[in-house]
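Me: Hi! I've got a protein–DNA model open and would like to talk it through with you. Could you take a look?

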Number of protein chains: 2
Amino acid sequence: MTTSPVKAGKTEPMSKSRLRLWLKLLKTSGLIEEELRRRMRAELGTTLPRFDVMSALSRAPDGLKMSEISKRLRVSNGNITGIVDKLTDEGIALRVSIPADRRANLVRLTPKGQALFARHAALHEAWIDEILAGLNADDVAGMVLRLDHLSTTLEDE
Amino acid sequence: MTTSPVKAGKTEPMSKSRLRLWLKLLKTSGLIEEELRRRMRAELGTTLPRFDVMSALSRAPDGLKMSEISKRLRVSNGNITGIVDKLTDEGIALRVSIPADRRANLVRLTPKGQALFARHAALHEAWIDEILAGLNADDVAGMVLRLDHLSTTLEDE
DNA sequence: GTAATTTACTTCAAGCTTGAAATATCTAAG
DNA sequence: CTTAGATATTTCAAGCTTGAAGTAAATTAC
């Protein structure tokens with residue numbers, strides 16, 4: 001063989017394998033998301049964004065400011081306005097004004113919203129368990145470790 | 001220690017760790033996607049969906065049917081119609097009628113579209129390389145393996 | 001051949017999403 | 001106080017996305 005011993009020849013550039021990883025990551029989370037969205041619609045008559053907002057609210061019994069919701073869900077402010085508007089119209093969420101700051105509101109789940117979310121969350125967890133049934137504890141641990149590593153570096157940008 | 005040796009006590013139910021994995025997967029791919037979208041807009045004046053369609057077309061020099069594009073990108077048919085309409089208006093893509101089947105069209109990139117995509121694809125790969133720079137070859141290999149496993153089981157549903 | 005089905009695509013309404021611009025309010029500097 | 005800046009939210013236009021319904025053409029089964 002006359003080629004340099006330094007270049008193995010078979011190895012792919014890192015940029016290519018990173019690209020492939022990204023495409024797989026995107027594909028996989030898309031598949032899961034699609035399945036969740038389908039079930040949300042079919043079995044609960046709701047959507048993922050609504051579920052996400054309710055989920056954030058359910059963890060904050062004292063309520064969250066609009067900006068706090070959008071920060072946690074990493075979506076734009078204007079987006080949250082529309083979703084909370086609808087949840088409010090349906091009696092699921094509630095805007096509570098803050099005397100100390102007339103610019104802001106605290107958004108809370110109503111009792112009806114809490115009951116609804118409890119039902120939805122239980123189903124949601126069961127669906128995930130079912131969808132990810134192919135992964136054992138080692139798989140899960142391995143992926144969580146690497147995803148943590150990755151998302152940490154991404155957030156520190 | 002007096003507790004049963006069988007039950008460790010600290011272990012979390014699989015459903016919880018699977019849920020946590022899903023949330024991390026969603027978060028991570030969302031962070032990457034957001035960064036890509038930002039750069040697409042800022043540096044190329046385009047969007048991820050348009051890039052995805054162009055990418056699919058670039059791999060099929062003979063063209064793709066509309067339904068083939070939506071199948072590959074896993075989005076609805078109606079969605080593709082709108083995106084291809086715009087790419088066509090801009091001289092990036094082209095609908096070619098098929099004599100043998102008057103229902104369908106083959107969509108192709110124009111030479112202008114090919115040149116444009118070549119430029120975009122090179123940048124895209126470089127961005128991914130930069131964004132995922134924190135992962136070494138082992139990390140990448142480990143994640144690809146597990147994501148393959150997962151997406152395969154998901155597609156066989 | 002013709003009726004029923006399947007396939008290919010478009011149109012549409014509803015909803016999500018963003019980023020920018022507009023309001024309103026609060027805070028801080030002078 | 002008043003002005004400047006920061007913060008909290010809403011509104012808006014543009015674009016993405018879906019799923020359902022509609023049109024058209026091809027295929028299959030009688």
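Me: Let's start with strand C. Of its atoms within 4 Å of the protein, what share belongs to sugar or phosphate?
Reply: For DNA strand C, 78% of the atoms within 4 Å of the protein belong to sugar or phosphate, and the rest to bases. Before we go on, this is a predicted model, where local features need pLDDT of at least 70, side-chain atom pairs count only at pLDDT 80 or more, and totals for chains, interfaces and linings use all residues. Residues are numbered from 1 along each chain as its sequence is written, chains are lettered from A and ligands numbered from 1 in the order in which they are written, and side-chain values use heavy atoms, with hydrogens and water left out.

Me: Thanks. Which residues come nearest to strand C?
Reply: Ser76(A), Lys65(B), Ser67(B), Thr81(B) and Arg103(B), out of 25 residues around DNA strand C. A residue counts as near when one of its heavy atoms lies within 4 Å of the strand.

Me: And which polar side-chain atoms lie by its phosphate oxygens?
Reply: Lys86(A) has one 3.5 Å from a phosphate oxygen of DNA strand C, and Arg95(B) has one at 3.2 Å from a phosphate oxygen of that strand. A polar contact here is a pair of N or O atoms within 3.5 Å; within protein, one must be able to donate a hydrogen and the other to accept it, and residues adjacent in sequence count only if both atoms are side-chain atoms. Asn79(A) also places a polar side-chain atom 3.2 Å from a sugar or linking oxygen of strand C.

Me: Which element gives the most to that surface?
Reply: Helix 4 of chain A, with 4 residues. Helices (H or I, at least four residues) and strands (E, at least two) are DSSP runs, numbered from the N terminus.

Me: What's around strand D, then? Which residues come nearest?
Reply: Lys65(A), Ser67(A), Asn77(A), Arg103(A) and Ser76(B), of the 25 residues around DNA strand D. A backbone N or O atom of Ser67(A) is 2.7 Å from a phosphate oxygen of the strand, while a side-chain N or O atom of Thr81(A) is 2.9 Å from a phosphate oxygen. From chain B, Asn79(B) has a polar side-chain atom 3.2 Å from a sugar or linking oxygen of strand D.

Me: How do the atoms of strand D within 4 Å of the protein divide?
Reply: Sugar or phosphate accounts for 77% of them, and bases for the rest.

Me: Switching topic: how are chains A and B related?
Reply: A rotation of 180 degrees with 0.0 Å of shift along its axis superposes chain A on chain B, with RMSD 0.1 Å. That is the relation of a two-fold axis. In chain A, Met143(A) has the C-alpha nearest the axis, 3.3 Å from it. The superposition is by least squares on the C-alpha atoms of residues with pLDDT of at least 70 in both copies.

Me: Nice. Which surface do they meet through?
Reply: The same one on each copy, because 100% of the interface residues of chain A are also interface residues in chain B. Contact means heavy atoms within 4.5 Å.

Me: Last one: what comes just after helix 1 of chain A?
Reply: Gly45(A), with a positive phi of about 60 degrees.
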